[in-house]
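Here are my notes on this one, as promised. Have the viewer open while you go through the points.

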Amino acid sequence: MPDSTARRHRSASPTKNGPAGHVDHERIEAAVREILLAIGEDPDRDGLQETPARVARMYAELFAGLHSDPRDLLSKTFKQKYDEMVLVKDIRFESMCEHHLLPFFGKAHIAYLPQGRIVGLSKLARVVEALSRRPQVQERMTEELADLLMTELDARGVGVVLEATHTCMTIRGVRKPDSVCSTSAMRGIFRENQATRSEFLALIHGSR
């Protein structure tokens, strides 16, 4: 999809703070200090003195995906005569909802139908990691995964399902702790062929 492709390009490009990969720790620390003051806390008390620095390091880790291009992870493929479904399920991920900057976390299930070439299985998990380590919404992340794999692997079809718990609705607002959000994106044969789509979903959910 053009919109998601453009987003990937923007995410991999240098930021105004400096070259790709740079995180302005001092700016984050100053902002966290202001937040502590704004809620009525004393950022200079013993328990909070190191908090701004800790938050800066945490944000650098949680948003590391902003400074990488997930397409690079799929650049190396292997010639292999295999035309059946390749499925990796239960890929654990953690991300940050861009609406409240609160975590959402869960599992990704990814399948693709090769067209003469396959990719290392660990690369699929690494792509999930790269796309999750940035401000996200689950719906967009699902489509980004599907579009990226469909394009970069030249696959005949791709299926992606994400299942996640969102703390923005479990610890605040409506406060429904047992809720799980499921999203899916089907491309190519997975969208066009009901049997292929059903096989994918059965492999994910069949044991439940």
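1. Is Arg-175 buried or exposed? Arg-175 is exposed, because its relative accessible area comes to 56% and the cut-off for that class is over 50%. You'll find Arg-175 in the loop that links α6 (167-170) to β7. Its phi is positive, about 55°, although the residue is not a glycine. Bear in mind throughout that this is a predicted model.

2. For context, most residues other than glycine have a negative phi. Asp-154 is another one to look at: its phi is near 50°, a positive value in a residue other than glycine. This residue sits in the loop between α5 and β6 (157-166). With a relative accessible area of 48%, Asp-154 counts as partly exposed, because that class runs from 20% to 50%. Leu-101 belongs with these on the list, with a positive phi near 55° in the hairpin of β2 and β3.

3. Now the overall picture. The chain holds eight helices and seven strands. Of its 208 residues, 39% count as buried. If you take the contacts with a separation of 6 or more, 69% of them come from residues 24 or more positions apart.

4. How are the strands ordered in the open sheet? The order is β5-β2-β3-β6-β7, five strands with mixed pairing. At the edges are β5 (135-136) and β7 (181-188), each of which pairs on one side only.

5. Let's zoom in on strand β2 (residues 86-97). Towards β5, the pairing is parallel and runs over two bridges. Here Met-96 stands opposite Pro-135 of β5, and Cys-97 stands opposite Gln-136 of β5. Towards β3, the pairing is antiparallel, over ten bridges. One pair to pick out there is Ser-95 with its bridge partner Phe-104 in β3. The hairpin of β2 and β3 has four residues between the strands.

6. Glu-94 deserves its own point. It is placed in strand β2, and it is partly exposed, with a relative accessible area of 33%. Which residues does Glu-94 touch, leaving aside its neighbours within four places in sequence? They are Phe-104, Phe-105, Ser-132 and Arg-133. For a distance to check on your side, try the C-alpha atoms of Glu-94 and Ala-164: they are separated by 8.9 Å, with the two positions 70 residues apart along the chain.

7. Helix α4 (residues 121-132) lies across β2, β3 (102-113) and β5. Its direction is at about 20° to β2.

8. On to helix packing. Two packed helices are described by the angle between their axes and the distance between the axes. For α4 and helix α5 (residues 138-152), the angle is about 135° and the axes are 10 Å apart. That makes α4 oblique to α5, since the angle falls between 115 and 145 degrees. The crossing of these helices, α4 and α5, is right-handed. On the α4 side, the contact is made by Leu-124, Val-127, Val-128, Leu-131 and Ser-132. The α5 side supplies Met-141, Glu-144, Leu-145, Leu-148 and Leu-149. By type, the residues of the contact of α4 with α5 are eight nonpolar, one polar and one charged.

9. The other pair to look at is helix α2 (residues 25-38) with helix α3 (residues 51-62). Their axes come within 8 Å and cross at roughly 125°. That makes α2 oblique to α3, and α2 passes α3 in a right-handed crossing. From α2, the contact takes in His-25, Ile-28, Glu-29, Val-32 and Arg-33. From α3, the residues are Pro-52, Ala-53, Val-55, Ala-56, Arg-57, Tyr-59 and Ala-60. The residues of the contact of α2 with α3 split into eight nonpolar, one polar and three charged.

Definitions and conventions: Residues are numbered from 1 along each chain as its sequence is written. This is a predicted model: local features need pLDDT of at least 70, side-chain atom pairs count only at pLDDT 80 or more; totals for chains, interfaces and linings use all residues. Side-chain values use heavy atoms; hydrogens and water are left out. Axes are lines fitted to C-alpha atoms, for helices over the stretch in contact, and angles run from 0 to 180 degrees between N-to-C directions. Angles under 35 degrees count as roughly parallel, over 145 as roughly antiparallel, 65 to 115 as roughly perpendicular and the rest as oblique. A crossing is left-handed if the near helix is turned anticlockwise from the far one by less than a right angle, and right-handed if clockwise. Contact means heavy atoms within 4.5 Å. Ala, Val, Leu, Ile, Met, Phe, Trp, Tyr, Cys and Pro count as nonpolar, Asp, Glu, Lys and Arg as charged, and the others, Gly among them, as polar. Two strands pair if DSSP finds at least two bridges between them. Buried means under 20% relative accessible area, exposed over 50%, partly exposed in between (1.4 Å probe, protein chains only).
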